[in-house]
Amino acid sequence: EFWYKNNTKEEIDLAGLLKLIWESKTIIIATTTVFSIGAVLYSLSLPDIYESKALLSPVNEDIAANQSMGSVSGLANLAGISISNAGNSNSLKAIQKAKTISFFKDNILPNIFLPDLMAVKSWDAETNTIYYDTDNFDNESQSFIEAPSAQQSFKEFEDIFQLSQDYDTGFVTISIKHQSPFISQQWTDLIVNQINEFFRINDKREAEAAMDFLNAQMAQTSYNEIKLVIAQLLKNRMQQLTLIEANDFYIFSYLDPPMVMEEKIEPNRASISILGAIFGGLLGIFFVISREFLSTKKD
């Protein structure tokens, strides 16, 4: 035995401990083998996951338009007309908006095939075919047995969607993980397009509303100075509308567009197998030591 009394303290004889482990190597090897095999089988049961990334750059606002707005801002303030350059923060707002359930519900959910998010079972690389889990999805009718809610879908989407910004460069990275590399690429591209479209529509609506307001003010005033300011503001709003309609990439442009990846990002089956073997070995050693400890105590 390797346990012995020394005054009032129990200590471990290291040589005895190593001897015990060596004598019990059969048990340790057995547990290591069992857990190694289990880890291998578990890793093989996991589907391959592919990740498609897009590197984005915030689109700079038109400098000339901002300068022209600045040239009349003083007069506009004197005339009681407020000018704001809210567009400067559009890229920051877009980063936060893309993470919200409202953006997912209104801009992403209507543009994807929901079973690709909520009912995927496997993907066949040779035929590029997705197979769905029949427990909650009827392949014949192509409909859910019990349709998931937008909030349930959003939770699943959060697990595969990542968005981050490098605060030093301002560049933004968007990525989607999926069993199908084609879905991963398509959805990443969809998110970027919908971000641009969302803010394009909003800014267009605001610009048109501002033009309606300015035209109404023009008709009501008889002061030439105010009319000159309003005319300049109308000109700037028309320039803004032109930019809104002309730019395909309104908030973000691609530095590196998403691609259909050939290599999976997970699971790392080698790491899972190694960790399984380590855990099995440690568990075997713990069992041997615990058994010997209890036996010694009993004696």
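Me: What share of the 299 residues in the protein is buried?
Reply: In this predicted model, buried residues make up 33% of the 299 residues. Buried here means under 20% relative accessible area.

Me: What makes Asn-215 count as partly exposed?
Reply: Its relative accessibility is 41%. Buried needs under 20%, exposed needs over 50%, and partly exposed is what falls in between. The value 41% is in between, so Asn-215 counts as partly exposed. Asn-215 lies in helix 8. Its C-alpha atom is separated by 8.0 Å from that of Ile-230, 15 residues apart along the chain.

Me: Why is helix 4 called oblique to helix 8?
Reply: The axes of helix 4 (residues 90-97) and helix 8 (residues 181-220) cross at roughly 125°. Roughly perpendicular covers 65 to 115 degrees, and roughly antiparallel starts over 145. The angle of roughly 125° fits neither class, so helix 4 is oblique to helix 8. The two axes come within 11 Å, and the crossing is right-handed.

Me: Which residues make the contact of helix 4 with helix 8?
Reply: Helix 4 supplies Asn-90, Lys-93, Ala-94 and Lys-97. Helix 8 supplies Ile-195, Phe-198, Phe-199 and Asp-203.

Me: How do the residues of that contact divide into nonpolar, polar and charged?
Reply: Four are nonpolar, one is polar and three are charged. Ala, Ile and Phe count as nonpolar, Lys and Asp as charged. Asn is in neither list, so Asn-90 is the polar one.

Me: What makes strand 8 and strand 10 stand at the edges of the sheet?
Reply: The open sheet of four strands has the order 8-9-3-10, with antiparallel pairing. Strand 8 (161-165) and strand 10 (252-256) each have a single partner strand, so one side of each is left without a neighbour in the sheet. From one strand to the next, the twist averages 30°.

Me: How do you know that strand 8 and strand 9 pair?
Reply: Pairing needs at least two bridges. Five bridges join strand 8 to strand 9 (residues 172-178), so the two strands pair. They run antiparallel. Gln-162 has Ser-175 in strand 9 as its bridge partner.

Me: Which helices lie on these strands?
Reply: Helix 7 (residues 150-160) packs on the sheet and touches strand 8 and strand 9. Its direction makes about 55° with that of strand 8. Helix 8 lies across strand 3 (50-58), strand 8, strand 9 and strand 10. Helix 8 runs at about 140° to strand 9.

Notes
Residues are numbered from 1 along each chain as its sequence is written. This is a predicted model: local features need pLDDT of at least 70, side-chain atom pairs count only at pLDDT 80 or more; totals for chains, interfaces and linings use all residues. Side-chain values use heavy atoms; hydrogens and water are left out. Axes are lines fitted to C-alpha atoms, for helices over the stretch in contact, and angles run from 0 to 180 degrees between N-to-C directions. Angles under 35 degrees count as roughly parallel, over 145 as roughly antiparallel, 65 to 115 as roughly perpendicular and the rest as oblique. A crossing is left-handed if the near helix is turned anticlockwise from the far one by less than a right angle, and right-handed if clockwise. Contact means heavy atoms within 4.5 Å. Buried means under 20% relative accessible area, exposed over 50%, partly exposed in between (1.4 Å probe, protein chains only).
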